[in-house]
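Hi everyone, thanks for making time this morning. I'd like to walk you through one structure and a few of its details, so let's put it up on the screen.

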Amino acid sequence: MVDLLNSVMNLVAPPATMVVMAFAWPLLSFISFSERVYNSYFATENMEDKVVVITGASSAIGEQIAYEYAKRGANLVLVARREQRLRVVSNKAKEIGANHVIIIAADVIKEDDCCRFITQAVNYYGRVDHLVNTASLGHTFYFEEVSDTTVFPHLLDINFWGNVYPTYVALPYLHQTNGRIVVNASVENWLPLPRMSLYSAAKAALVNFYETLRFELNGDVGITIATHGWIGSEMSRGKFMLEEGAEMQWKEEREVPANGGPLEEFAKMIVAGACRGDAYVKFPNWYDVFLLYRVFTPNVLRWTFKLLLSTEGTRRSSLVGVGSGMPVDESSSQMKLMLEGGPPRFPASPPRYTASPPHYTASPPRYPASPPRFAQFNIQEL
């Protein structure tokens, strides 16, 4: 009986769904447009004196998002591993209009660091209104070319746990303010592309995590998922980076300087969407047509990509932050290693971070239910 039912539904459901969508799409589009207009003019959140924690804020999309919140007069907590770069971003944010800025050197893939910088933000400002997760790490290697699998957990740590840990720690405080979580994702979470298998898998896990969390929170804490398409990057140029003081290090999205262009436009869309309470921000919107092809005619999508990628030529692999859209600084000979072809050579052990750990004088309890008050923290105020 079940087999018969499934056979009937296989024949009926797809065309019936297309007919319903054809009739419902205009009405749903009009409703969505009306809600967007209303929220833009009457329901946009005023960020004046609100507290925004931004991870991966030293450069790229995180840096640009910091500037957009600064224009709205928010109090900023900028988190990244490079303290010196955070100082530059902080100074510019103050000039643009940020009410107040503190910087905290921390690593988002370490639970203790996440607990510390969230607790510091609460101890200093007394609240957290928006948590913006932007840390991301991409790659451009073919899976079969990998010679050392130690890179695998590192990619998953940055792209998945680097978002989950700060979220877990911040949730009690976001509940208190009916705050919002902003997530930097990518269209690759559902659009398969060669040389991005692990990155795509991590982003898919990330999006599904926040989609599920959205239902669990039931509107008490808002979630904005921002997805970008190809906005330009160094990933296609075969560069692999070495950092001074590290055995081997990858140039991450959060480590690439940002200076405008599509990245700046995407940041404006993210902040505007978050303040309107949008569930999704997509840049650009037309990428959604690929999703329709994937659901209803997957073979067409597969054949199209196969045709487009057949002219790619010789394989070139590297590790580099994707989605940043900005060039990599190659001025230092200690930081440059060119891979013009062939499989990448990964380190025998996971890379070591070079940034100094954050300076704390007291260890906060794990995930407090309410804002605790600890001894004086060594916070960098700018």
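**A walk through the model**

Let's begin with residues 12-33: the chain there is 100% helix and 0% strand, and the C-alpha atoms at the two ends lie 31 Å apart. Please keep in mind that this is a predicted model. The UniProt record, an unreviewed entry, annotates residues 12-33 as "transmembrane region".

Now let's move to the strands. I'd like to start with β4, which covers residues 130-133. Which way do its side chains point? His 130 and Val 132 go one way, Leu 131 and Asn 133 go the other way, and all of them are buried.

So who are the partners of β4? One of them is β1, residues 51-55, which pairs with β4 in the parallel sense over 4 bridges. Within that pairing, Thr 55 sits opposite Asn 133. Strand β5, residues 180-186, also runs parallel to β4, and 4 bridges join the two. Here the residue facing Leu 131 is Ile 181 of β5. If you follow the chain from β4 through helix α5, residues 151-177, and on into β5, you trace a right-handed β-α-β unit.

Next, a single residue that I enjoyed looking at: Ile 225, in strand β6, which spans residues 222-228. Is Ile 225 buried or exposed? With a relative accessible area of 2%, under the 20% cut-off, Ile 225 counts as buried. And what is it in contact with, once we leave aside neighbours within four places in sequence? The list for Ile 225 is Val 183, Ala 185, Val 207, Tyr 210, Glu 211, Arg 214, Ala 279, Tyr 280 and Val 281. There is also a pair worth clicking on: Ile 225 and Ala 274 are separated by 49 residues in sequence, while their C-alpha atoms are 9.0 Å apart in space.

Finally, the cysteines. How many disulfides does the structure hold? The count is 0. Take Cys 114 as an example: its closest cysteine sulfur belongs to Cys 115, yet that sulfur is 8.7 Å away, so the distance is too far for a bond. The cut-off for a disulfide is 2.5 Å between the sulfurs. As for accessibility, Cys 114 is buried, at 0% relative accessible area. Cys 275 is buried as well, with 2% relative accessibility.

That's my tour, and I'm happy to rotate the view for anyone who wants another look.

Technical notes:
Residues are numbered from 1 along each chain as its sequence is written. This is a predicted model: local features need pLDDT of at least 70, side-chain atom pairs count only at pLDDT 80 or more; totals for chains, interfaces and linings use all residues. Side-chain values use heavy atoms; hydrogens and water are left out. UniProt positions are given in the numbering used here, feature names are shortened, and annotations may be inferred rather than shown by experiment. Buried means under 20% relative accessible area, exposed over 50%, partly exposed in between (1.4 Å probe, protein chains only). Contact means heavy atoms within 4.5 Å. Two strands pair if DSSP finds at least two bridges between them. A crossover is right-handed if, with the strands pointing away from the viewer, the path from the first strand over the helix to the second runs clockwise.
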